[in-house]
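Look at the sheet in the structure below and follow how its strands are placed beside one another. The paragraphs after it go through the pairings step by step.

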Amino acid sequence: MKDYSTHEEHQLIQDNNELVVIDVREHEEVSTGKIPTAVHIPLDELPHAISHLDKEKQYIMVCRSGARSNKATEFMNASGFNASNMTGGMIDWKFDVN
């Protein structure tokens, strides 16, 4: 499993429009802002939402600190997806949010 720092992820987002960022935080957490290109799927909803995701795409999982997104990354990879974790989460994200 590959982990990316917030700076590495920001560069990946800038360079790769095929990359899918999934924010696994809870609804109230996302209401304070998220990475503009991120899709919001709370961690507990991920097992149900996974059937709508494309296994051909690359995913980076995001949460507040990196712990929940690490669990989400492990789940995604075990389910046959190409997923990575953003270490440091939104706590370390220093770029624009919407």
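Aspartate 23 has valine 62 in E4 as its bridge partner. In this predicted model, strand E2 (residues 20-23) runs parallel to E4, and four bridges join the two. Helix H4 packs on the sheet and touches E1, E2, E4 and E5. The direction of H4 makes about 170 degrees with that of E5.

Strand E4, residues 58-62, also pairs with E5, again in the parallel sense and over four bridges. Within this pairing, isoleucine 60 stands opposite serine 84 of E5. Between the two strands the chain passes through helix H4, residues 67-78, and the resulting β-α-β crossover from E4 to E5 is right-handed.

E5 has a parallel pairing with strand E1 (residues 3-4) as well, over two bridges. Here tyrosine 4 has methionine 86 of E5 as its bridge partner.

In which order do the five strands form the sheet? The order is E1-E5-E4-E2-E3, in an open sheet with parallel pairing. Strands of a sheet pair through backbone hydrogen bonds, and the pairing can be parallel or antiparallel. E1 and strand E3 (39-40) stand at the edges; each has a single partner strand, so one side of each lacks a neighbour in the sheet.

Why is strand E5 largely enclosed by the rest of the structure? Buried here means under 20% relative accessible area. Four of the five residues of E5 (residues 82-86) are buried, and therefore the strand is largely enclosed.

Note on methods
Residues numbered from 1 in each chain as written. Predicted model: local features only at pLDDT ≥ 70, side-chain atom pairs only at ≥ 80, totals over all residues. Heavy atoms only, no water. Buried < 20%, exposed > 50% of the residue type's maximum accessible area, 1.4 Å probe, protein only. Pairing = 2+ DSSP bridges. Right-handed = clockwise from strand over helix to strand, strands pointing away. Contact = heavy atoms within 4.5 Å. Axes fitted to C-alpha atoms, helices over the stretch in contact; angles between N-to-C directions.
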